[in-house]
Amino acid sequence: MTTLYDVPASKIIDKASNELKKLKKVVPPDWARFVKTGSGREMPPTQKDWWQTRAASMMRKIYVSGPIGITRLSKKYSNKKNRGYKPEARRGGSGAITRTIIGQLETIGFVKTTKKGRSLTPKGISFMDNISHTLKKSMPELNKY
């Protein structure tokens with residue numbers, strides 16, 4: 001059985017974001033056009049479908065390291081803030097973006113809340129495994145082993 005670990009992360013995230021676009025349930029709110037993805041960023045994202053890409057990436061992160069809380073999940077999207085002549089310092093990713101995306105994934109039924117944090121439901125796990133299975137079938141270089 002093919003799982004998420006058998007296919008490169010970038011391929012899975014691209015394919016999963018395309019599938020989430022088809023569902024039309026993971027859509028950016030109105031304020032998403034103006035916000036930065038973290039306090040360490042200087043500009044908002046320039047990609048049109050960055051919201052679905054971030055949602056697919058979060059699903060992968062929850063699959064790999066779940067159950068995981070909102071704070072730890074937003075730390076995975078942190079970066080260094082340019083503070084002028086002072087040394088750079090780490091800043092976490094946006095908590096509002098993380099909470100909103102997780103809320104949308106919970107309404108679809110891909111993510112559930114437990115006492116230890118957020119984890120994928122069986123529906124979410126099968127969604128990610130089906131994507132990895134179709135990618136592995138379409139990529140002959142992965143079928144060497």
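This passage describes helix packing, salt bridges and two loop residues in a predicted model.

A good place to begin is helix H5, which covers residues 122-138. This helix has 17 residues, and the distance from its first C-alpha to its last is 24 Å, close to the 24 Å expected at 1.5 Å a residue. Several residues of H5 are buried, namely Gly124, Phe127, Met128, Asp129, Ile131, Ser132, Leu135 and Lys136. The charged side chains of Asp129 and Lys136 are thus listed as buried along with nonpolar ones such as Phe127 and Leu135. The cover over these buried positions includes helix H1 (9-23), helix H2 (50-65) and strand E4 (118-120).

The contribution of H2 can be followed in some detail. Two packed helices are described by the angle between their axes and the distance between the axes. For H2 and H5, the angle is about 110° and the axes are 11 Å apart. H2 is therefore roughly perpendicular to H5. On the H2 side, the contact is made by Ala56, Met59, Arg60 and Tyr63, and these residues meet Gly124, Ile125, Phe127, Met128 and Asp129 of H5. Sorted by class, the residues of this contact comprise six nonpolar, one polar and two charged. Among the H5 residues that take part, Gly124, Phe127, Met128 and Asp129 also appear in the list of buried residues.

H2 has a further helical partner in H4, which spans residues 95-108. Here the axes come within 10 Å and cross at roughly 75°. Because of this angle, H2 is roughly perpendicular to H4. From H2, the residues in contact are Trp50, Trp51, Arg54, Ala55, Met58, Met59 and Ile62. Their counterparts in H4 are Ile97, Thr98, Thr100, Ile101, Ile102, Gln104 and Leu105. The contact of H2 with H4 has 10 nonpolar residues, together with three polar and one charged. Met59 of H2 takes part in the contact with H4 and also in the contact with H5.

Attention now turns to charged pairs. The structure holds four salt bridges, and three of them are described here. Glu19 takes part in two of these. With Lys15, Glu19 forms a salt bridge whose closest N and O atoms are 3.8 Å apart. Both residues belong to helix H1 and lie four residues apart, about one turn of the helix. With Lys22, the closest N and O atoms are 3.5 Å apart. Glu19 and Lys22 are three residues apart in helix H1, so about one helical turn separates them. Both spacings can be read against a general feature of helices. An α-helix has 3.6 residues a turn, so residues three or four places apart point the same way.

The accessibility of these residues varies. Glu19 counts as partly exposed because its relative accessibility is 21%, and Lys15 is also partly exposed, at 29%. Lys22, in contrast, counts as exposed because its relative accessibility is 60%.

A further salt bridge links Asp49 with Lys21, with the closest N and O atoms 2.9 Å apart. Asp49 lies in the loop between H1 and H2 while Lys21 lies in helix H1, so this pair ties together parts that are 28 residues apart in sequence. Asp49 is partly exposed, with a relative accessible area of 24%, and Lys21 is likewise partly exposed, at 33% relative accessibility. As for the residues around Glu19, salt bridges that share partners join Lys15, Glu19 and Lys22 into one network.

The loop between H1 and H2 also contains Lys24. What is notable about the backbone here is a positive phi of about 60°, although Lys24 is not a glycine. Most residues other than glycine have a negative phi. Lys24 counts as exposed because its relative accessibility is 66%.

Another loop residue, Glu88, lies between strand E1 (79-81) and strand E2 (89-91). With a relative accessibility of 52%, Glu88 counts as exposed, because the cut-off is over 50%. When its neighbours within four places in sequence are left aside, Glu88 is in contact with Lys80 and Lys81. The C-alpha atom of Glu88 is separated by 9.6 Å from that of Gly40, a residue 48 positions away along the chain.

Notes: Residues numbered from 1 in each chain as written. Predicted model: local features only at pLDDT ≥ 70, side-chain atom pairs only at ≥ 80, totals over all residues. Heavy atoms only, no water. Helix = DSSP H or I, 4+ residues; strand = E, 2+ residues; numbered from the N terminus. Expected span 1.5 Å × (residues − 1). Buried < 20%, exposed > 50% of the residue type's maximum accessible area, 1.4 Å probe, protein only. Contact = heavy atoms within 4.5 Å. Salt bridge = Lys/Arg side-chain N within 4 Å of Asp/Glu carboxyl O. Axes fitted to C-alpha atoms, helices over the stretch in contact; angles between N-to-C directions. Parallel < 35°, antiparallel > 145°, perpendicular 65-115°, else oblique.
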